[in-house]
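Colleague: I'm new to reading helix packing, and I'd like a close look at one part of this model. Could you walk me through how the helices around one meeting point fit against each other?

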Amino acid sequence: MNKSAVQIQGIINQINFEYQIVRLLEDAVYCERFLSKPNNRSCPSMYDLIETSYDQEDFGFYIKNLKLRATPRQITRYEFVIDLLLMIKEDISEDPILARRLLWLRASHYKWTKLAKHFGFHRTTLKNKYERILELLAQKVKKNISFDKLDRIYYRI
């Protein structure tokens, strides 16, 4: 293969890798909705103190919906994404906390204009920062994490 074909293949691989990271972030945000929230078990809830029972003849009778729980695959991806976000340090961004929040909020499908108002940047500037952070994170992950672990996280679970 000639040199330009190799460069094009490398660019395609990089874009695919960044896309996989974005998909993992979106899956983690989705999974977070199914995780149980912290609870103080020693303090009774107001609604737990009142015991009520309903009959089918009652006006307000309803069947309690099932609580959805995260699957093991979602939990694994969630933990992996948390590790990815912790890999963002000063070598990727001058403000790692802002970079982590930006990646997480963008995975939550916030619009660029809303994010720009939140962070105090112009939307195109923020989008360029996001793409740069994602590119540098993908390069760092490629160097530090083995293909077997990535393959297991992406596809096999």
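Modeller: Sure, let's start right at a contact. From helix α4, the residues A99, L102, L103 and R106 touch L126, Y130, I133, L134 and L137 of α6. Sort those residues by class and you get 8 nonpolar, no polar and 1 charged. The axes of α4 and α6 lie 10 Å apart, and the two helices pack at an angle of about 100°. That angle makes α4 roughly perpendicular to α6, since 65 to 115 degrees is the range that earns that label.

Before we go on, a quick word on what you're looking at. This is a predicted model. The protein has 7 helices and 0 strands, so if you read along the sequence the pattern is simply α-α-α-α-α-α-α. Of its 157 residues, 31% count as buried. The accessible surface comes to about 11,900 Å², and 54% of that belongs to carbon and sulfur atoms. Here's one more number for the whole chain: take the contacts between residues at least 6 apart in sequence, and 71% of them join residues at least 24 apart.

Now back to α4, which covers residues 96–107. Its other partner here is α5, residues 112–119. The axes of α4 and α5 come within 11 Å and cross at roughly 155°. An angle over 145 degrees counts as roughly antiparallel, and α4 and α5 are therefore roughly antiparallel to each other. As for handedness, α4 passes α5 in a right-handed crossing. Which residues do the touching? On the α4 side they are L98, R101, L102, L105 and R106, and on the α5 side W112, L115, H118 and F119. This contact divides into 6 nonpolar, 1 polar and 2 charged residues.

The loop between α4 and α5 is worth a pause, and H109 is one of the residues in it. Is H109 buried or exposed? With a relative accessible area of 59%, H109 is exposed, because the cut-off for that word is over 50%. The backbone of H109 also has something to show you: phi there is near 70°, which is a positive value in a residue that isn't glycine. For comparison, most residues other than glycine have a negative phi.

Next, let's close the triangle with α5 and α6. Helix α6 runs over residues 123–144, and it packs with α5 at an angle of about 95°, the axes being 9 Å apart. So α5 and α6 are roughly perpendicular to each other. In this contact, α5 brings W112, T113, L115, A116 and F119, while α6 brings R123, L126, K127 and Y130. By class, the contact of α5 with α6 has 6 nonpolar, 1 polar and 2 charged residues.

If you want one residue that ties these pieces together, try L102. You'll find L102 in helix α4. Its relative accessible area is 0%, so L102 is buried; anything under 20% would get that label. Setting aside neighbours within four places in sequence, L102 is in contact with W112, L115, F119, L126, Y130 and I133. Look back at the lists and you'll spot W112, L115 and F119 on the α5 side of the α4 contact, and L126, Y130 and I133 on the α6 side. To put a distance on one of these pairs, L102 and L115 are 13 residues apart along the chain, and their C-alpha atoms are separated by 7.8 Å.

Helix α4 also holds W104, by its numbering within residues 96–107, and that leads us to another part of the chain. A28 is in helix α1, residues 3–32, and at 0% relative accessibility A28 counts as buried. Leaving out neighbours within four places in sequence, A28 is in contact with Y78, V81 and W104. The C-alpha atoms of A28 and F80 are separated by 8.8 Å, although the two are 52 residues apart along the chain.

Finally, for a residue with a different level of cover, go to R73 in helix α3, residues 72–86. R73 has 37% relative accessibility, so it counts as partly exposed. R73 and D27 are 46 residues apart in sequence, yet 9.9 Å apart in space, C-alpha to C-alpha.

Note on methods. Residues numbered from 1 in each chain as written. Predicted model: local features only at pLDDT ≥ 70, side-chain atom pairs only at ≥ 80, totals over all residues. Heavy atoms only, no water. Axes fitted to C-alpha atoms, helices over the stretch in contact; angles between N-to-C directions. Helix = DSSP H or I, 4+ residues; strand = E, 2+ residues; numbered from the N terminus. Parallel < 35°, antiparallel > 145°, perpendicular 65-115°, else oblique. Left-handed = near helix turned anticlockwise from the far one by under 90°. Contact = heavy atoms within 4.5 Å. Nonpolar A, V, L, I, M, F, W, Y, C, P; charged D, E, K, R; others polar. Buried < 20%, exposed > 50% of the residue type's maximum accessible area, 1.4 Å probe, protein only. Areas by Shrake-Rupley, 256 points an atom, 1.4 Å probe, with all protein chains shown as cover.
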